[in-house]
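Here is a short guided tour to read alongside the sequence and the 3D view. Please keep both open as you go.

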Amino acid sequence: MKKKLLVLICLILSFVLCTGCSKEPEQSNEPSLLLGFSQIGSESAWRIGNTRDIEEAAGKQGISLMLENANQKQENQIAAIRRFIAYKVDVIAFSPIVEDGWDNVLKEAKDAGIPVILVDRDISTEKEGLTSCLIGADFYREGQMAGEYLIRKADSLGLENVNIVEITGTINSTPMRQRQAGFMDAIAGDTRMNVMESIDGDFLKSRGEENMRYLLDKYGEDIDVVFSHNDEMTLGALPEIEKAGFIPGKDMIIISIDGGQDAINVLKEGKINCVVECTPKLGGILMDTALKLKAGEAVKEIIHPDEQVFSDEQDTAKIEPRGY
Ligand code: GZL
């Protein structure tokens, strides 16, 4: 009898203890954050690589990403930001196609209490506190590095006069404004340098081709240097230079920015002399920053990635695969 009573007491005790046990918390499948991202478009290998990197980074961090492609239209970006506000996302991020025209929609995001991260490009505003931070390249430095390379190249070739044509990115975009400023400031003190014309290529390959054809018709063999604000436009321009009977990289110094694989391959062939890196791999920094903002932590106002210059001054065979 006693034995049965003992077994019964043990059973009751083990039941009581178990029900009091704290179960392992269910692994939450809830995303750590809901991020709305408005992307400019798919105008270049850089942009496509940037989108891919952001999507991969969100996946790695368990972040739910609403990514909308604006197809190069500011009005589509503004509409997307309004949808993110209505959806009550935790954080909004976007790459503004141009610097102006964002105050109203960003005021709406601020009133809704949703922090906004600028990715890649900046905005121009008089209002304080519309955005939490900017994650993107130091475009002014990129332009400066392009100009500094040209001075070294002109010295090495013993050039006395250097006639330059510039094919710019999207007018009023941050990379266009700052790459141009950095380049012009870098060559300003060098009396050999003469910028014959700057023309808008909108970061598009087709416009690089059209613009180069126009510049060759107008200036022909007087062109010593082509400074192009991105690889797409450069790759559009090169066949036009060859069709006109010139050897790019030899008859004309070709300077480009972005550092995508296609341009690096052409650099290795000697048809481009210098490619300034502008990394599109901003996804990891973006996710880390968005998580900090959601947690109410302070973040740096500007986050610049490290960037380098690839050129015919180095052993280009050693350049690692670029991934975009
Ligand atoms: C630069 C980015 C520019 C690239 C272009 O960060 O904004 O836009 O240089 C892209 O290739 O179209």
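The report below covers the sheet, the helices packed on it, the aromatic pairs and the salt bridges.

## The sheet

Keep in mind from the start that this is a predicted model. A good place to begin is an open sheet of six strands, whose pairing is parallel and whose order reads S2-S1-S3-S4-S5-S11. The edges are taken by strand S2 (63-69) and strand S11 (302-303); each has a single partner strand, so one side of each is left without a neighbour in the sheet.

Moving inward, strand S1 (residues 33-39) and strand S3 (residues 91-94) run parallel and are joined by four bridges. If you would like a residue to click on, try Phe37, whose bridge partner in S3 is Ala93.

## Helices on the sheet

Helix H3 (residues 74-86) packs on this sheet and touches S1, S2 and S3. The direction of H3 makes about 170° with that of S1.

Helix H10 (residues 283-294) is also worth a look: H10 lies across S1, S2, S3, strand S4 (116-119), strand S5 (133-135) and S11. Relative to S1, helix H10 runs at about 130°.

## Two aromatic pairs

How many aromatic pairs does the structure hold? There are two. One of them joins Phe94 and Trp102 in a tilted arrangement, with 4.8 Å from centre to centre and 55° between the planes. Phe94 and Trp102 are both buried.

The pair formed by Phe183 and Phe227 is stacked, at 4.0 Å centre to centre and 15° between the planes. Phe183 sits in helix H6 (residues 174-187) and Phe227 in strand S8 (residues 225-228), so this pair ties together parts that are 44 residues apart in sequence. Here too, Phe183 is buried and so is Phe227.

## Buried salt bridges

Charged side chains offer plenty to explore, as the structure holds 24 salt bridges. One of these is formed by Arg179 and Glu142, whose side chains meet at 2.8 Å, N to O. Arg179 lies in helix H6 and Glu142 in helix H5 (residues 139-157), so the pair ties together parts that are 37 residues apart in sequence. Arg179 is buried, with a relative accessible area of 2%, and Glu142 is buried as well, at 0%.

Asp120 and Arg121 form another salt bridge, in which the closest N and O atoms are 3.6 Å apart. Is Asp120 buried or exposed? Asp120 is buried, with a relative accessible area of 4%, and Arg121 is likewise buried, at 3%. To see the wider setting, add Glu43 and Arg47 to your view: Glu43, Arg47, Asp120 and Arg121 are linked in a network of salt bridges.

## A salt bridge within one helix

For a partly exposed example, turn to Arg213 and Glu209, whose side chains meet in a salt bridge of 3.5 Å, N to O. Both residues, Arg213 and Glu209, belong to helix H7 (residues 205-219), where they are four residues apart, about one turn of the helix.

What are the accessibilities of Arg213 and Glu209? Arg213 has 35% relative accessibility and counts as partly exposed. Glu209 is partly exposed too, with a relative accessible area of 32%.

Terms used. Residues numbered from 1 in each chain as written. Predicted model: local features only at pLDDT ≥ 70, side-chain atom pairs only at ≥ 80, totals over all residues. Heavy atoms only, no water. Phe/Tyr/Trp six-rings, centres within 6.5 Å; stacked < 30°, edge-to-face > 60°. Buried < 20%, exposed > 50% of the residue type's maximum accessible area, 1.4 Å probe, protein only. Helix = DSSP H or I, 4+ residues; strand = E, 2+ residues; numbered from the N terminus. Pairing = 2+ DSSP bridges. Contact = heavy atoms within 4.5 Å. Axes fitted to C-alpha atoms, helices over the stretch in contact; angles between N-to-C directions. Salt bridge = Lys/Arg side-chain N within 4 Å of Asp/Glu carboxyl O.
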